[in-house]
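Here are a few exercises to help you find your way around. Have a go at each task before you read its solution.

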Amino acid sequence: MFYKSSFIPFNLLIQLQFDNWYYLCFTRFIVNLMRYFACKIRNIKAQTNIPKFDNQMIMDIQQRNCQEYLQDKAILLTGCTGFVGKVLLEKILRDFLPKRVYVLVRAKNNESSVQSRFLKQIIASRCFDRLRQERGQNFLEYIQKQVVPIQGDLLQEGLGLSVGQKQELIDSVNVIVNCAASVEFNLPLKQALDINFYGSVRMMELALQCKQLNMFIHVSTAYVNSNQRGQVSETIYNEKSNVLQYVNQLYNQADKMTDKEIQKLLNGLPNTYTFTKNLAEQMYKQMRPVTLPLSIVRPSIVGCSLFEPEPGWIDSFAASSAVLLNAGNGLLKVYKCNTNYQSCHIPVDILVNQIIAVASQDSQFQQFKIYHSGSSDRNPNYFFWKSLDTQVKEFWLSHKINKRISEPRIVCTNSAVYSKLKQLQYKVMLDLQQKLADSFGSDELQKQAALNIKHLNKSNSLANSYEFFSTREWIFKSSNMLNIINNLDASDKQVLNVDTLNIDWSYYNQLFCYGIQKYLLGEGIHLEKIQQSDQRQMRPRL
C-alpha cells in the first residue's frame, strides 16, 4: 500500500503490514537514517549559533572589580554543608578578603554545638585541603577569624535565630547567598514546600530587615522550567498573581491530595523539587522591594570541579555522580537515555565563580534578574549520554572500583520496554542469588545478597527518577550570564574562571569518574592517567 504523500510519519510506518521482513528492516534503516541526519543538523545549529557578546546590551553597566567589591563585606551563606555551598565558601576564603562570613548551620541533636558540626562537616572536608595547605599552621586561626557559624534552621520561624545573632545579621550583613535546599526529587509535597518555598520566604523576611544589605542571590535550578521545550529563557513562565497566597492554600490541602491530583498540579514538571523551586522564584520576584538588587542563578546539572579547589573534586552522590557511580560499581546495567541529545552540565567551580561575579556586578543595580548557569547554548555537551556505554564504561574497566558489585557493563537505550525488561532480568538474577544464599550460603553471603538487592532497587529507582532528564533536551539561553562574563575586568578573569566555552567534555566525563573514585570512594588514582582528547587543550591549572 502506498500513500499519496511523499512523507510517511513514523507512527504510521509501524502500522503497515509487511509480507517480507526485509522490507521491515529497510524501513527501520531509513527511519534511523532520518534521525541521524536530524541530529547532525541540530548539532551544527548549536555550534554555529553560539551566543555572541552584545556590547549594546550592557552599555550602561559599569565594570566593577569583584575582589574590590567583596573586600570588607559581611557575607551570609546558607547551604554550606552541601556540595555547592562548600565550594563557594572555600573560594571566598581563598581568593577574597571579606570582612566576615556568616555561615548558617543547623545543629543536630547528637552534636555538642553548631561549631562542632561546622568543623566536622564543612572545614574538615577535603574541599579545604588546598586552603589548608596554603595557610599551613595558621589555617584554623584564619577560619576562626573570618567565619562565624550561626545556629539557624530554615524550617523554623525566624530561621531559629537567637535575638542577639539575628540583630548582628540585621546590622552588618551586606551580601546574602542562599544555597540551601533539599535536592531530593520526590519529597512529599508538603515537606518540599516547607524546605524549598517557606525556607526561602524566611530568608527573604530576614533580608528585608537587613540595614546594610546591597545584594541577595538565590541559587535555584534551570529545571524549574523543564515543562517547557526547546529554548528556555532567563525569565519566569506562567507566574501566579499572588504566589504566597496560592502556596498557603495549597499547603493546607497537600495532605489530602492524591498522587494523581499532585501530578496534575505539577503541570508537566517532573517532581516536587522543581515545582517548589519554581514557586520560590516567583515569591522572590513578588516580595522583593524595588530598591534591593536580587538575582537568581539557575544551574543546570552540577558536576565535579574542573579546576578548583582540585580537579575532579566532588562530595555529592546526587544527579550525574550517582549515575556514573552506579555504572562503575556494576549496579546500573541499563540506562534509558537519548544518546543524540546533549546533557547540560556545569562544573561546580565555574558555577561558584559565576555566583561571585553576579553578586559583584548586579549589586550596582536595583533590579531583579535571572541567570542560567549551564553550557547548552554556549558549548553543548553531546558526549555525556553517548559516553556512558563507551568511554565511561572503558574508564571503569580500566580503573575498577575495589568494592564493586559486578563488572561495569552498561547499555544505553531509548527503548522503555527494553530498559524495563533488562531491569527485571537483573532483579530476577539477584533474587535467585539471595534464595541460594539463604538456603546454602554462610551468614556473610546472605548479608551480601540482601545488600545487592537493596543496591539494585536503589539504582533502578535512581535511573527511573532521572529518566525525565535523560530523554529530553533543553537549550537554556544565557544572554544575561554572558553579559556578566564579558564585563569582568582582566584581574577578575585571572581569579574567576566563569566560561564554559573551552571545556573539553570528553576529558570532563573522565575527570568526573576520576573525582568519584578519588573523593567519594577514597580510592587512589592518578590524574595523569586520564587521557585528554585532541579536540581542545584544557589541562587543569594546579
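**Exercise 1.** Does Gln-364 count as buried, exposed or partly exposed, and what is its relative accessibility?

A word on the ground rules: this is a predicted model, where local features need pLDDT of at least 70, side-chain atom pairs count only at pLDDT 80 or more, and totals for chains, interfaces and linings use all residues. Residues are numbered from 1 along each chain as its sequence is written, and side-chain values use heavy atoms, leaving out hydrogens and water.

*Solution.*
- Start with the cut-offs: buried means under 20% relative accessible area, exposed over 50%, and partly exposed in between (1.4 Å probe, protein chains only).
- Gln-364 has 23% relative accessibility, so it counts as partly exposed.
- Now place Gln-364: it sits in the loop between helix 14 (348–362) and strand 11 (368–373). Helices (H or I, at least four residues) and strands (E, at least two) are DSSP runs, numbered from the N terminus.
- Finally, look across the fold: Gln-364 and Asn-214 are 150 residues apart in sequence, yet their C-alpha atoms are 8.2 Å apart in space.

**Exercise 2.** Work out where Arg-94 sits and what its side chain pairs with.

*Solution.*
- Find Arg-94 in helix 4 (residues 83–95).
- Check its accessibility: Arg-94 is at 10%, so it counts as buried.
- Look for polar contacts (pairs of N or O atoms within 3.5 Å; within protein, one must be able to donate a hydrogen and the other to accept it, and residues adjacent in sequence count only if both atoms are side-chain atoms). The Arg-94 side chain makes one of 2.6 Å with that of Glu-90 and one of 3.2 Å with that of Glu-308.
- Widen the view to contacts (heavy atoms within 4.5 Å). Beyond four places in sequence, Arg-94 has Arg-130, Leu-131, Glu-134, Glu-308 and Pro-309 in contact.

**Exercise 3.** Describe how helix 5 is packed.

*Solution.*
- List the buried residues of helix 5 (residues 114–123): Val-114, Ser-116, Arg-117, Phe-118, Ile-122 and Ile-123.
- See what covers them: the cover includes helix 4, strand 2 (100–105), helix 6 (129–135), helix 7 (139–146) and strand 3 (147–151).
- Check the N-terminal end, which Ser-113 caps, with a side-chain oxygen 3.4 Å from the backbone nitrogen of Gln-115.

**Exercise 4.** Decide whether Leu-421 is buried or exposed.

*Solution.*
- Locate Leu-421 in helix 17 (residues 416–440).
- Read its relative accessible area: this is 53%, so Leu-421 is exposed.
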